Amino acid sequence: MRILRFRQGPGAEPAWGWLEDDRVGGLEGSPFTTYRRLEATIPLESVQLAAPVVPSKIVCVGRNYAAHAAEHNAEVPKLPLLFLKAPSAIIAMGETILLPAQSHQVEHEAELAVVIGRRGRWITPEAAREHILGYTAVNDVTARDLQNSDGQWSRSKSFDTFCPLGPWIETDLDPAEILVKCLVNGQLRQMASTRDMIFPVPQLVAFISSAMTLEPGDLILTGTPAGVSQLASGDEVTVDVEGVGQLRNPVGADRRTG
Ligand code: ZN
């Protein structure tokens, strides 16, 4: 099933919904507890999609594809390399990634995102599935120059608009072997199978939850394949996750000056 959040009109609060072909139906209750699906009668193109989840935290995994580690001359980690991204960076499908004045090298990172469905600590790899609601596409936008000069990654990963997410959550997906792609202005920049992850999804859930409680709605960004490249104002970035769909966002300059 595809779960989404949508608005019917500007300024309206986002509501839970589900997608059947190209029609949206309301969802009474919450996908994290109990819910009832209403008939899908609203045309998808008539609604405004909101980001599909509001997480308490975004846990990201660095260098989880060997080829991406190699393009930065970085070693492949022996344990998952974790960092956090601010939830305030999240934007929805179609919203604009703003290039901040502080950076001269903002890059895309196409990734598979895991949406936690059930609270847990010390989750075993075998039990990981029971704690996952589903999967969505994410762009872990990064100010690469600041990532290098800061020495740690919080600022470079957390500018407002640096976490495009969506367009929806797919609950019926096996994450073991799916294609993750990034296209900029229709040109292929990144493509890899999740089978090339150094630490696959069940191991990530186990490792992260051995340190911190995972809450319903929390996100795990599973790392990006090789091929990251710079974004410019006027670009359109598409993150394509096989079995989920395409997340598309334009890129613009942040006009704020001080
Ligand atoms: Zn990343």
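**Exercise 1. State how much area domain 1 and domain 2 bury between them, and which residues of domain 1 lose the most.**

Step 1. Take the total. Domain 1 and domain 2 bury about 1000 Å² between them. Buried area is the accessible area (1.4 Å probe) that two parts lose on being put together, summed over both.

Step 2. Look at the atoms. Carbon and sulfur atoms carry 66% of that area.

Step 3. Turn to domain 1. R2, I3 and F32 lose the most area to domain 2. Together they make up 60% of what that side buries.

A note on the model: it is predicted, local features need pLDDT of at least 70, side-chain atom pairs count only at pLDDT 80 or more, and totals for chains, interfaces and linings use all residues. Residues are numbered from 1 along each chain as its sequence is written, and side-chain values use heavy atoms, with hydrogens and water left out.

**Exercise 2. Give the bounds of the two domains and describe their contact.**

Step 1. Domain 1 covers 2-50 and domain 2 covers 58-253. These bounds come from an automatic or database domain assignment.

Step 2. The C-alpha centres of the two domains lie 24 Å apart. The contact (heavy atoms within 4.5 Å) takes 9 residues from domain 1 and 14 residues from domain 2.

**Exercise 3. Find the salt bridge between the domains and the elements on the domain 1 side.**

Step 1. The count is 1 salt bridge. The term means a side-chain nitrogen of Lys or Arg within 4 Å of a carboxyl oxygen of Asp or Glu.

Step 2. E170 forms a salt bridge with R2. Their closest N and O atoms are 3.0 Å apart.

Step 3. On the side of domain 1 that touches domain 2, β1 (2-7) and β6 (48-50) each give two or more residues. β1 gives the most, with 3 residues. Strands here are DSSP runs (E, at least two residues), and helices are runs of H or I of at least four, numbered from the N terminus.

**Exercise 4. Name the protein donors of the zinc ion and say where E109 and D140 lie.**

Step 1. The donors are E109 (OE), E111 (OE) and D140 (OD), 1.9 to 2.1 Å from the zinc ion. Donors are N, O and S atoms within 2.8 Å of the metal (3.2 Å for Na, K and Ca); water is not among the atoms, so sites may look incomplete.

Step 2. The spacing in sequence is E-x1-E-x28-D.

Step 3. E109 lies in the loop between β11 (106-107) and β12 (110-116), and D140 in the loop between β13 (132-139) and β14 (142-143), so the pair ties together parts 31 residues apart in sequence.
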